[in-house]
Amino acid sequence: MNTVVLATGNPNKVAEMIPVIAPYGLAAVPQSELFHGEVEEDGLSFIENALKKARFASAQTGLPALADDSGLEVAALQGKPGLISARYASQGRHKPSDVENVQQLLHDMRHLPYSQRQARYVSAVVYVQHAKDARPLIGVGHWYGEVLMAPRSGCGIGYDDIMWIPKLVRTVSELSLADKIRLSHRTHAIHSVMAQLKANAFYD
């Protein structure tokens, strides 16, 4: 079984990504188990940030790397929080708590009716065979919903407590982990990358 380093130290991402990757015959190891340090996420797109993270993790370990960069985009806010979803309450300067980010977003959307609260989770996943890989594999996934007026009790991860999925009549945080993994933007992006990886015959 080939090993790939997950370019994240976020335990929630690790918990979601490993079950998706494992059926493809890859042993995924979080970068936090191999080295300390993170690359600056200063790209102009989710793809650029994911590529930077993947190259950095591969350079540090000498292993192939898989990275995700993701966030929430609200249509009425011209795509915000977007790239700074994890740092929205500080406008990108540092990383606030998830609660602070959620409260900032609800404040910014306080005058919007439900008819104008459409949003989507976005994930860009990038795989590199090595740090200087000239042909990185890229997958992008989306998960559509609406932002509630107030949080519902749930897992409290990211914006999940306010991200309502109309077809499921639940917030993301009210789903089981298995259902979240099955339906999520990140899973769709990973499947896209894994399909490309198999097509390129990088492993048997």
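**Notebook: pocket first, then the sheet**

I started with the largest pocket, and its volume comes out at about 910 Å³. I then asked which residues of its lining sit closest to the centre. Of the 35 lining residues, the answer is N10, K13, S70, A86 and K95. Note to self: this is a predicted model.

Next I looked up what kinds of residue line the largest pocket. I found ten nonpolar, 13 polar and twelve charged ones.

Which element gives the most to that lining? It's β3, with four residues. I also listed the elements that each supply at least two lining residues: α1 (11-21), α2 (46-61), β3 (65-74), α3 (98-108) and α5 (185-199).

**The whole chain**

I stepped back to see the full chain, which has five helices and seven strands. Reading from the N terminus, I wrote the elements down as β-α-β-α-β-α-β-β-β-β-α-α. The radius of gyration is 17 Å, close to the 17 Å that the globule rule gives for 204 residues, so I can call the chain as compact as a globular protein of that length. Along its principal axes, the C-alpha trace spans about 50 × 35 × 25 Å.

**The sheet**

A reminder before tracing it: strands of a sheet pair through backbone hydrogen bonds, either parallel or antiparallel.

I traced an open sheet of seven strands in the order β2-β1-β3-β4-β5-β6-β7, and the pairing is mixed. Why do β2 (26-30) and β7 (170-171) each have one side without a neighbour in the sheet? They stand at the edges, each with a single partner strand, so nothing in the sheet flanks that other side.

Then I checked what α2 does here. It packs on the sheet and touches β1 (2-6), β3, β4 (118-128) and β5 (137-147). The direction of α2 makes about 155 degrees with that of β3. I'd already met α2 and β3 in the list of elements that supply the pocket lining.

**Strand pairs, one by one**

How many bridges join β4 and β5? I get ten, with the two strands antiparallel. To find my place in this part of the sheet, I used Y121, which stands opposite W143 in β5.

Moving along, I found β5 and β6 paired in the antiparallel sense over two bridges. My marker here is E146, which stands opposite W164 in β6.

Last came β6 (residues 163-165) with β7, again antiparallel, over two bridges. For this pair I noted that I165 has R170 in β7 as its bridge partner.

Methods: Residues are numbered from 1 along each chain as its sequence is written. This is a predicted model: local features need pLDDT of at least 70, side-chain atom pairs count only at pLDDT 80 or more; totals for chains, interfaces and linings use all residues. Side-chain values use heavy atoms; hydrogens and water are left out. On a 1 Å grid over the protein atoms alone, a cavity is a set of points where a 1.4 Å probe fits but cannot get out, and a pocket is an open set with protein on both sides within 12 Å along at least five of seven lines; lining residues have an atom within 4 Å of a point. Grid points are joined across faces, edges and corners, and a volume is the space filled by probe spheres set on the points. Ala, Val, Leu, Ile, Met, Phe, Trp, Tyr, Cys and Pro count as nonpolar, Asp, Glu, Lys and Arg as charged, and the others, Gly among them, as polar. Two strands pair if DSSP finds at least two bridges between them. Contact means heavy atoms within 4.5 Å. Axes are lines fitted to C-alpha atoms, for helices over the stretch in contact, and angles run from 0 to 180 degrees between N-to-C directions. The radius of gyration is taken over C-alpha atoms; the globule rule is 2.2 Å times the number of residues to the power 0.38.
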